[in-house]
Amino acid sequence: MANTSSLVSDFLSFLNASPTAFHAVDESKRRLRNAGYQQISERDDWKLEAGKKYFFTRNYSTIVAFAIGNKYEAGNGFHIIGAHTDSPCLKLKPVSKITKGGCLEVGVQTYGGGLWYTWFDRDLTVAGRVILKEDKAGSVSYSHRLVRIEDPIMRIPTLAIHLDRNVNSEGFKPNTQTHLVPILATAIKAELNKVPAEVDENEGEKKSIETNSKSKHHPLLMEIIANALGCKPDEICDFELQACDTQPSILGGAAKEFIFSGRLDNLCMSFCSLKALIDATSSGSDLEQESGVRMVALFDHEEVGSNSAQGAGSPVMIDAMSHITSCFSSDAKVLKKAIQKSLLVSADMAHALHPNFMDKHEENHQPKMHGGLVIKHNANQRYATNAVTSFVFREIAEKHNLPVQDFVVRNDMACGSTIGPILASSVGIRTVDVGAPQLSMHSIREMCAADDVKHSYEHFKAFFQEFTHLDSKLTVDV
């Protein structure tokens with residue numbers, strides 16, 4: 001059994017290293033390499049071996065890792081846990097430069113369905129990835145670099161109550177286009193901190209980045225980013241940046257039982273599934289009796305529908321399954337057999353019962369923090385769980401004395417969805433939708449129970465270890 005204290009500490013380190021999906025993949029990649037996983041590329045031909053461990057990334061915002069059992073044969077099943085790396089946030093617009101009221105502001109666009117009012121009065125920074133131009137000995141190349149500004153450099157201030165007397169009675173209803181705009185600096189201070197003019201060696205004339213009318217972003221912001229990367233602002237070709245809260249993830253509550261953090265949805269499930277895979281394949285004996293493939297797939301763009309080249313709606317997972325199968329057999333038909341022997345655990349955070357809004361939960365389905373993973377059900381297939389897949393997941397919990405809960409949304413409320421139905425329908429794989437219970441979902445600061453991190457990790461690890469044996473005893477389509 002995992003030690004809760006060390007597990008939570010490791011989880012907090014993962015959260016604090018992962019302000020964006022790119023950073024989450026980078027941190028996952030580091031952990032996989034340290035655990036002996038070999039990186040491969042989708043651009044190359046794969047030469048895989050039974051008993052070995054591999055991973056690849058797509059767009060550096062999606063990562064797929066897998067371990068092949070020593071007894072694996074083409075056509076055997078895949079035991080997969082799928083989660084996602086992205087969370088609702090504010091992403092910088094292609095032209096973010098805004099100046100009004102004597103202030104320099106940064107234009108952002110909303111990503112996903114965030115609780116946007118929670119982004120006001122927070123100490124914000126930026127993080128993401130940058131495309132850099134590099135000139136080495138006359139040879140020009142372009143590289144992808146991650147960047148994170150540690151200091152709080154932006155803020156979205158609320159309007160004083162003296163200027164909005166009815167805000168408490170009528171509600172805070174910000175316009176996301178006009179009100180949700182971070183302030184970077186005052187124009188006068190930015191002018192005082194103006195970047196000195198530089199000599200252009202190619203044209204032999206001076207130019208100031210500050211006075212470039214074609215600049216898409218404030219020169220002050222570009223200078224901050226360039227300093228963090230150790231490059232010049234004009235070497236930055238493009239970027240994908242987002243606003244981030246600077247407050248670190250912490251263990252809190254009077255009894256130190258809660259985790260307070262942004263991006264728990266869905267970095268909590270990403271961490272637990274990744275650590276479960278690593279620990280279920282760490283020793284030489286872990287894969288000796290395994291005849292299947294243990295896999296974790298962490299996708300980007302779940303919060304906006306998964307319809308991208310690196311989302312769950314793309315062929316990234318079935319491509320991986322096909323590549324693995326084809327390395328052990330040239331018969332294309334064995335993949336179809338493998339899919340029918342496989343199971344996907346779609347892991348996405350669940351709604352815990354809120355003590356101040358108890359009427360929002362169905363009376364007989366009220367998941368509570370500390371209560372273990374929640375199996376999600378929906379008759380209209382907003383979740384992909386059925387009796388077979390929920391039995392498998394529940395049976396594993398019972399064998400390992402792990403708590404498990406059930407959730408059904410009220411009939412008079414709309415139901416959310418996950419990557420589960422997307423992958424179940426596109427791949428044809430059996431799927432169960434689960435998630436750890438949390439509060440404040442899609443807020444800039446969310447909360448969950450530390451115990452549920454432990455329950456989730458142990459349940460996922462047991463799934464990897466138990467599924468092949470359990471599935472061999474399960475008969476359905478005969």
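I took contact to mean heavy atoms within 4.5 Å, and kept in mind that this is a predicted model.

**Entry: Thr-418**

I started with Thr-418. Setting aside neighbours within four places in sequence, I found Thr-418 in contact with Glu-302, Ser-346, Asp-348, Lys-376, Arg-382, Tyr-383 and Asp-433. I placed Thr-418 in the loop between β19 (404-407) and α10 (419-427). Buried or exposed, I wondered about Thr-418? Its relative accessible area is 5%, so I wrote it down as buried, the limit being under 20%.

I then went through its polar partners. The side chain of Thr-418 makes a polar contact of 2.6 Å with the side chain of Asp-433. A polar atom of the Thr-418 side chain also lies 2.9 Å from the backbone nitrogen of Gly-420.

**Entry: Thr-385**

I moved on to Thr-385, which sits in the loop between β18 and α9. Its relative accessibility is 8%, so I have Thr-385 as buried too. Which residues does Thr-385 touch, leaving out those up to four places away in sequence? I listed Ile-375, Lys-376, His-377, Ser-390, Thr-431, Val-432 and Asp-433.

Two backbone atoms turned up by its side chain. A polar atom of the Thr-385 side chain lies 2.6 Å from the backbone oxygen of Lys-376, and one lies 2.9 Å from the backbone nitrogen of Asp-433. Asp-433 was familiar from the previous entry, where its side chain meets that of Thr-418.

I also checked a long span: the C-alpha atoms of Thr-385 and Lys-194 are 58 Å apart, with their positions 191 residues apart along the chain.

**Entry: the sheet around β18**

Next I traced the sheet. I read an open sheet of 9 strands with mixed pairing, in the order β1-β2-β3-β15-β4-β16-β20-β18-β19. β1 (38-39) and β19 are at its edges with a single partner strand each, so each has one side with no neighbour in the sheet.

I looked at β18 (residues 373-376) from both sides. Towards β20 (residues 430-435), I found 2 bridges and an antiparallel run, with Val-374 bridged to Gly-435 in β20. Towards β19, the pairing is parallel over 4 bridges, and Lys-376 has Phe-407 as its bridge partner.

What about the faces of β18? Both are covered: Leu-373 and Ile-375 are buried on one side, Val-374 and Lys-376 on the other. I also saw helix α9 (residues 387-399) lying across β16 (343-347), β18, β19 and β20, at about 55° to β20.

**Entry: β12**

I turned to β12 (residues 236-245), where 7 of the 10 residues are buried. It runs antiparallel to β7 (residues 124-136), joined by 9 bridges, and I picked out Val-130 with its bridge partner Phe-239. β5 (residues 89-100) is also antiparallel to β12, through 2 bridges; there I noted Leu-90 with Ala-243.

**Entry: nonpolar cores**

Which residues have the most contacts inside the largest nonpolar core? I got Ile-259, Met-269, Val-453 and Phe-460, in a core of 55 residues. Helix α6 (residues 264-279) gives the most to this core, with 10 residues. Apart from it I found another core of 34 residues, among them Leu-92, Trp-116, Leu-241 and Ile-444.

I followed up Val-453. Beyond four places in sequence, its contacts are Leu-7, Phe-11, Ile-259, Cys-268, Phe-271, Cys-272 and Cys-448.

**Entry: α1 and α2**

I checked how helix α1 (residues 4-16) packs on helix α2 (residues 21-34): the angle is about 135° and the axes are 9 Å apart. That makes the pair oblique, because an angle must be over 145 degrees to count as roughly antiparallel. Asp-10, Ser-13 and Phe-14 in α1 meet Ala-24, Glu-27, Ser-28 and Arg-31 in α2.

**Entry: backbone oddities**

I went looking for exceptions, since most residues other than glycine have a negative phi and most peptide bonds are trans. Asp-265 and Asn-266 are joined by a cis peptide bond, with omega about 15°; I found Asn-266 in helix α6.

Tyr-60 has a positive phi of about 60°. I located Tyr-60 in the loop between β2 (53-58) and β3 (62-68), buried at 15% relative accessibility. His-370 has a positive phi too, near 80°, and lies in the loop between β17 (350-351) and β18. At 27% relative accessibility, I logged His-370 as partly exposed.

Key: Residues are numbered from 1 along each chain as its sequence is written. This is a predicted model: local features need pLDDT of at least 70, side-chain atom pairs count only at pLDDT 80 or more; totals for chains, interfaces and linings use all residues. Side-chain values use heavy atoms; hydrogens and water are left out. Buried means under 20% relative accessible area, exposed over 50%, partly exposed in between (1.4 Å probe, protein chains only). A polar contact is a pair of N or O atoms within 3.5 Å; within protein, one must be able to donate a hydrogen and the other to accept it, and residues adjacent in sequence count only if both atoms are side-chain atoms. Two strands pair if DSSP finds at least two bridges between them. Axes are lines fitted to C-alpha atoms, for helices over the stretch in contact, and angles run from 0 to 180 degrees between N-to-C directions. A nonpolar core is a set of buried Ala, Val, Leu, Ile, Met, Phe, Trp, Tyr and Cys residues joined through side-chain atoms within 4.5 Å. Angles under 35 degrees count as roughly parallel, over 145 as roughly antiparallel, 65 to 115 as roughly perpendicular and the rest as oblique.
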